[in-house]
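Got the viewer open? Set the cartoon to a plain colour and keep the selection box handy.

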Amino acid sequence: MRLCIVFSLLFCLFWSPSSQGAEVMRSHFPVRTHFQQCHDLRGEFVSTIRFDELRDVAHAVIMNKVPYIVLNPTRLATLPPKLQAFFYEHECAHHLLGHNYNPTLSSEPEADCLAVKSGRDRGLFTRADVVAFRPWIVPLRGSMRGHLPGKKRFALLMQCFDDSETDKNLAERMQSALATTARLRRARSIVHRD
Ligand SMILES: [Zn+2]
């Protein structure tokens, strides 16, 4: 709750409306032209905002039922463009799969898998692009919230890329599993940490 209040204040300070969320990033986000418009589980447009003080590269956030992707342009600028795009797709996948409403220990692997498949199916990621994520992904630690240790996380990314299931079918299958959650209706302000 305290975190939600903090985000409310931050949004008042830094958020400005935009019909094209990715445009907010401008020069800080070189691959923005490849983005699809992100929509959440309800079909709501997900705006993108920048916040340099975010203690991570990106977060998926819901404030007053409005979904946002918060990006840290300073941290993202240290990463290759395609990896920046992957983290954006990862946050979008959290919104598309309703993870803010119903987080589980499998949320992070699910978001990773959908992000890779979505980028693959839209021509954003080649297999070589995903292979090139290895030096950044493998050193990452796992987390109690469900992030896989880097080596396993990278292996999952490759497994998902090589899997023939489409991102659309994967998203539909995962969404159907979430459809019955009552939390979707009553949740208002939720922060999904990366
Ligand atoms: Zn995540």
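This tour goes from a strand hairpin to the nonpolar core and then to one helix, all in a predicted model.

**Stop 1: the hairpin.** Select β2 (58–63) and β3 (66–71). These two strands run antiparallel and are joined by six bridges. Zoom in on Ile62, and you'll find Pro67 of β3 standing opposite. Now go to the turn: two residues sit between the strands, and Asn64 takes a positive phi near 50° there. Back on β2, five of its six residues are buried, so to speak a mostly covered strand.

**Stop 2: the core.** Next, show Ile69, Val70 and Leu114 as sticks. In the largest nonpolar core, which has 40 residues, these three touch the most other members. Besides β2 and β3, the elements giving two or more residues to this core are α3 (81–96), α4 (107–121), α7 (150–162) and α8 (167–178). The top contributor is α3, with eight residues. Stay on Leu114 and add its contacts: leaving out residues up to four places away in sequence, Leu114 touches Ala93, Leu96, Leu97, Asp167, Leu170 and Ala171.

**Stop 3: α7.** Select 150–162. This helix has 13 residues and reaches 18 Å from first C-alpha to last, close to the 18 Å expected at 1.5 Å a residue. Which residues of α7 are buried? Colour Phe154, Leu157 and Cys160 to see them. Look down the axis: the buried residues fall within an arc of 125°, so they line one face of the helix. They pack against α4, α5 (127–131) and α6 (134–137). Finally, swing round to the other side of α7, where Gln159 and Asp162 are exposed.

Key:
Residues are numbered from 1 along each chain as its sequence is written. This is a predicted model: local features need pLDDT of at least 70, side-chain atom pairs count only at pLDDT 80 or more; totals for chains, interfaces and linings use all residues. A nonpolar core is a set of buried Ala, Val, Leu, Ile, Met, Phe, Trp, Tyr and Cys residues joined through C-beta atoms within 7 Å. A residue is buried if 20 or more other C-beta atoms lie within 10 Å of its own, exposed if 12 or fewer, and partly exposed in between; C-beta atoms are placed from the backbone. Helices (H or I, at least four residues) and strands (E, at least two) are DSSP runs, numbered from the N terminus. Two residues are in contact if their C-beta atoms, placed from the backbone, lie within 7 Å. Two strands pair if DSSP finds at least two bridges between them. The expected span of a helix is 1.5 Å times one less than its number of residues. The arc is that of the directions from the helix axis to the C-beta atoms.
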